[in-house]
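Let's take a friendly walk through a protein, one part at a time. Keep the sequence and the 3D view side by side as you read.

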Amino acid sequence: MLDPIDFLALQSIRKSLNDLPGSNYFASWDFTSDPCNFAGVYCDGDKVIALNLGDPRAGSPGLTGRVDPAIGKLSALAEFTIVPGRVIGYLPSSLSQLKYLRFLAVSRNFISGEIPATLGQLRGLQTLDLSFNQLTGAIPFSVGTLPALSNVILCHNRLTGSVPPFVSQTLTRLDLKHNYLSGSIPPLGLPPSLQYLSLSWNRFDGTVDRLLTRLNQLNYVDLSMNRFTGCIPGNLFTFPINNLQLQRNQFSGPVQPLDQVTIPTVDLSFNRLFGEISPMLSTVQTLYLNNNRFTGQVPGSFVDRLLSASIQILYLQHNYLTGIEINPTVEIPLTTSLCLQYNCMVLPVETPCPLKAGKQKTRPTAQCIAWRG
């Protein structure tokens, strides 16, 4: 028999939510029967321990309405999710009463307002997923103090302000992309346990070399579309990364990997990087170095990898490169995309470039002389 407090809480939650047309998730919610048999309700003894609102099957239209503050009365709740739909309104601050909550996922709805600072009271919270909503305001400092966090997914909202330091030594995923966040990330602001880091499409600035140097467990890094400055640390290229996205920032300086790079995809385009291109990058399968200030010859190791079809994309356009030793009669493999235009050289081979590279084949001589001078 369900605890009366939990029974009444479920009734309040039901009254504030409805099925969208085409969904019949609430068809089983008949309060003349045992609520522990309702769809999405899981009990342990007389208490609700998990509440998964909505039909999770792909293509389900989801729910509409609001999250009732009575959710805070489900004192044993460890998991709370809402499937994608049209749920609106604020996240109730009463969530902070759920001291056993481990998993909170309310994504792809229309939740607005600020993230309640009282979520910092959920000391056992491991996953916080509020992505694809309309949340505003700052990420509460208190959220960063949660000691058990492993996944923080707040992407595709309208969050502003800086990122609080995260203290959890088990944090593996931090996804804040597509917000309006700003400021710098302090060198000790993220734990070395981090494996997935996405900060793209924000307004971050400052340097990240001291921060990234510590995060040697990273396997996915996307800092693109920000205003980060400073150099890219050489040891970053030795981490077990599958995809490195640093494009469209203000990174500067030479790029000097410590060893042969095994990262399959590296995008450093649209920065202020200069110096010669390191042969250590010739083992990257998809490499974007375009729209920087690289000079000198393209290393011969790149030519070897191109002709063996080991490189799939090599974009070097819009730099100040002076040459590449490649036979004009050689055939570039069909599986390889090479773009060399708008550099300080006569193109030895004609290759199709992306349209946005423009039509000019070679950089004006005056620019090349001025850059060398």
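UniProt features are given here in the numbering used for this chain, their names are shortened, and an annotation may be inferred rather than shown by experiment. With that in mind, the UniProt record, an unreviewed entry, places the feature "domain: Leucine-rich repeat-containing N-terminal plant-type" at residues 6-44. In the model, this stretch is 26% helix and 18% strand, and its end C-alpha atoms are 12 Å apart. Please remember that you are looking at a predicted model.

**The whole protein**

Start by zooming out. The protein has 5 helices and 27 strands. Its C-alpha trace spans about 80 × 40 × 30 Å along the principal axes. There are 373 residues, and 52% of them count as buried. Now think about contacts between residues with a separation of 6 or more: 41% of these contacts join residues that are 24 or more positions apart.

**Strands 4, 6 and 8**

Next, find strand 4, which covers residues 63-66 and holds L63. Is L63 buried or exposed? L63 has a relative accessible area of 0%, so the residue counts as buried. Its surroundings can be listed too. Leaving out residues up to four places away in sequence, L63 touches a dozen or so familiar letters of the chain, including L17, N18, Y25, F26, L53, V87 and N109. One of these partners, N18, is 45 residues away along the chain, yet the C-alpha atoms of L63 and N18 are separated by 5.6 Å.

Strand 4 has a neighbour to meet. It is joined by 3 bridges to strand 6, and the two run parallel. Within this pair, G65 stands opposite V87 of strand 6.

Strand 6 itself covers residues 86-89 and has two faces: V87 and G89 are on the covered one, while R86 and I88 are on the uncovered one. A general idea helps here. In a regular strand the side chains alternate between the two faces of the sheet.

On we go to strand 8, residues 110-114, which pairs with strand 6 in the parallel sense over 2 bridges. Here G89 has I111 of strand 8 as its bridge partner.

**Strands 16, 18 and 20**

Further along the chain, look at strand 18, residues 227-230. Which of its residues point to the buried face? F228 and G230 do, whereas R227 and T229 point to the other face and are not buried.

Strand 18 has parallel partners as well. Strand 16, residues 203-207, is joined to strand 18 by 3 bridges, and G206 has F228 as its bridge partner. Strand 20, residues 250-253, runs parallel to strand 18 and is joined to it by 2 bridges. In that pairing, T229 stands opposite Q250.

**Three more buried residues**

The cut-off for calling a residue buried is a relative accessible area under 20%. The residues in this table fall under it.

| Residue | Where it lies | Relative accessible area |
|---|---|---|
| G137 | strand 10 (residues 134-137) | 16% |
| S150 | loop between helix 2 (141-144) and strand 11 (151-153) | 17% |
| I324 | strand 26 (residues 320-324) | 9% |

Let's look at what surrounds each of them, again leaving aside residues up to four places away in sequence. G137 touches E114, R158, L159 and T160. S150 touches Q126, T127, T170, L171, T172 and R173. I324 is in contact with Q297, V298, V303, L340, M345 and P348.

Some distances complete the picture. G137 and S112 are 25 residues apart in sequence and 9.9 Å apart from C-alpha to C-alpha. I324 and T295 are 29 residues apart along the chain, with their C-alpha atoms separated by 11 Å.

**An empty space inside**

Rolling a probe the size of a water molecule over the atoms shows where empty space is left. How many cavities of 30 Å³ or more does a search of the whole structure find? The search finds 1. About 30 Å³ of space lies in the largest cavity.

Its lining is made up of L340, Q341, L347, V349, E350, T351, C353 and K361. By type, the lining residues divide into 4 nonpolar, 2 polar and 2 charged. You have already met one of them: L340 lines the largest cavity and is also in contact with I324.

Technical notes
Residues numbered from 1 in each chain as written. Predicted model: local features only at pLDDT ≥ 70, side-chain atom pairs only at ≥ 80, totals over all residues. Heavy atoms only, no water. 1 Å grid on protein atoms, 1.4 Å probe; cavity = no way out; pocket = protein on both sides within 12 Å on 5 of 7 lines; lining within 4 Å. Points joined across faces, edges and corners; volume = space filled by probe spheres on them. Nonpolar A, V, L, I, M, F, W, Y, C, P; charged D, E, K, R; others polar. Buried < 20%, exposed > 50% of the residue type's maximum accessible area, 1.4 Å probe, protein only. Helix = DSSP H or I, 4+ residues; strand = E, 2+ residues; numbered from the N terminus. Pairing = 2+ DSSP bridges. Contact = heavy atoms within 4.5 Å.
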